[in-house]
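This report describes the architecture of one protein chain and then turns to selected helices and residues.

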Amino acid sequence: MEWKGKVLGGIFGSFLGPVGTAIGVLLGHQYDRYRELEDAPGAGEGDPQLISAVFFRSTFAVMGCLAKADGRVSESEIQAARGIMRHLRLTADQVQAAIRFFNEGKQPGFELERTVRELGRVCGRRHELLRYFVEIQMSAALQGSNLQGPGRPLVQRLGQWLGLSGFEMAHLEALLRIQAGARPEVPQRAGANLADAYQVLQIEATVTDVEVVKAYRRQMSRNHPDKLVANGLPPSMMEIAKEKTQRIREAYEVIREQRRMK
């Protein structure tokens, strides 16, 4: 019988008082249940609460590991992590948990590939959640080191381990560089020009008006905040999904106005 998750959950939760301990044990129990069933058919289709817990922990632990990839964590990388925490509007307790996970990822014995692949197993077919995970990691790496040094190959490996194609990775980086110099805490109008707008909707400028509408609806459906949270995106990270749908709307309006679509 698995018990490690319950113990660690209780320890982490104890920092937040009796209620935090209870929540920590509950999440730990869910994690233990996952470990016991991970080899069973359909185990990759984890329940949303478990996905949310594993997603949150993995996000900041992997972020810490990437920041320490060159042997030290620079001030800009620390500020990048804190900027993302502010951008996500984490509560004080959530910030403390995120810092603990970040520090865990910095440790020499941290198992990066196992952590990432475990997240992939838990999320199962929820590909958009995995895209959000990689997007957060790439955003932190861009702001912290501009994806220089060992950061870039490691981020590329994250994508490979989670099943993202080279095209998806290149597209994510292009979008993040469009947004305020990769500063996630300062959202900007991603559809500020026509080329960027087509990039956001992931279509070519030569497509028909009908295909533009289909692409818009497809992107809105994939990135709807309520849908993503229902599938396991931590509620604390809903702000990212809200801003992404806003960028999609703005991009569509730029294209629609330029084409004079009704």
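The sections below proceed from the overall fold to one helix pair, one short helix and several individual residues.

**Overall composition**

The model is predicted. Its secondary structure consists of 13 helices and zero strands, so the order of elements from the N terminus is α-α-α-α-α-α-α-α-α-α-α-α-α. Of the 262 residues, 50% count as buried. The accessible surface comes to about 12,900 Å², and carbon and sulfur atoms contribute 54% of that surface. Among contacts in the protein with a separation of 6 or more, 76% are between residues 24 or more positions apart.

**The pairing of helix 6 with helix 8**

Two packed helices are described by the angle between their axes and the distance between the axes. For helix 6 (residues 112–123) and helix 8 (residues 151–161), the angle is about 40° and the axes lie 9 Å apart. The two helices are therefore oblique to each other, a class that covers angles outside the roughly parallel, roughly perpendicular and roughly antiparallel ranges. The crossing of helix 6 with helix 8 is right-handed.

Which residues form this contact? Helix 6 contributes Leu112, Glu113, Val116 and Arg117, while helix 8 contributes Leu154, Leu158 and Trp161. By class, the residues of this contact comprise five nonpolar, no polar and two charged. An α-helix has 3.6 residues a turn, so residues three or four places apart point the same way.

**Helix 10 and its surroundings**

Helix 10 spans residues 194–201, and its buried residues are Asp196, Ala197, Tyr198, Val200 and Leu201. These buried residues pack against helix 9 (166–178), helix 11 (209–222) and helix 13 (238–259). Gln202 follows helix 10 and has a positive phi, near 60°.

Gln258, in helix 13, provides an example of contact across the sequence. Apart from neighbours within four places in sequence, Gln258 is in contact with Leu194 and Tyr198. The C-alpha atoms of Gln258 and Leu194 are separated by 8.0 Å, although the two residues are 64 residues apart along the chain. Gln258 counts as partly exposed because its relative accessibility is 46%, which lies between the cut-offs of 20% and 50%.

**A buried serine in helix 3**

Is Ser58, in helix 3 (residues 48–67), buried or exposed? Ser58 is buried, since its relative accessible area is 1%. Leaving aside neighbours within four places in sequence, the contacts of Ser58 are Met63, Thr115, Leu119, Phe133 and Gln137.

**Loop residues with positive phi**

Arg89 and Leu147 both have a positive phi without being glycine. Arg89 lies in the loop between helix 4 (75–87) and helix 5 (92–106), and its phi is about 55°. Leu147 lies in the loop between helix 7 (127–145) and helix 8, with phi near 60°. Their accessibility classes are opposite: Arg89 counts as exposed because its relative accessibility is 61%, whereas Leu147 counts as buried because its value is 3%.

The relative accessibilities of the four individual residues are collected here.

| Residue | Relative accessibility | Class |
|---|---|---|
| Ser58 | 1% | buried |
| Arg89 | 61% | exposed |
| Leu147 | 3% | buried |
| Gln258 | 46% | partly exposed |

Key
Residues are numbered from 1 along each chain as its sequence is written. This is a predicted model: local features need pLDDT of at least 70, side-chain atom pairs count only at pLDDT 80 or more; totals for chains, interfaces and linings use all residues. Side-chain values use heavy atoms; hydrogens and water are left out. Helices (H or I, at least four residues) and strands (E, at least two) are DSSP runs, numbered from the N terminus. Buried means under 20% relative accessible area, exposed over 50%, partly exposed in between (1.4 Å probe, protein chains only). Contact means heavy atoms within 4.5 Å. Accessible areas come from the Shrake-Rupley method with a 1.4 Å probe; for residues, only the protein chains shown count as cover. Axes are lines fitted to C-alpha atoms, for helices over the stretch in contact, and angles run from 0 to 180 degrees between N-to-C directions. Angles under 35 degrees count as roughly parallel, over 145 as roughly antiparallel, 65 to 115 as roughly perpendicular and the rest as oblique. A crossing is left-handed if the near helix is turned anticlockwise from the far one by less than a right angle, and right-handed if clockwise. Ala, Val, Leu, Ile, Met, Phe, Trp, Tyr, Cys and Pro count as nonpolar, Asp, Glu, Lys and Arg as charged, and the others, Gly among them, as polar.
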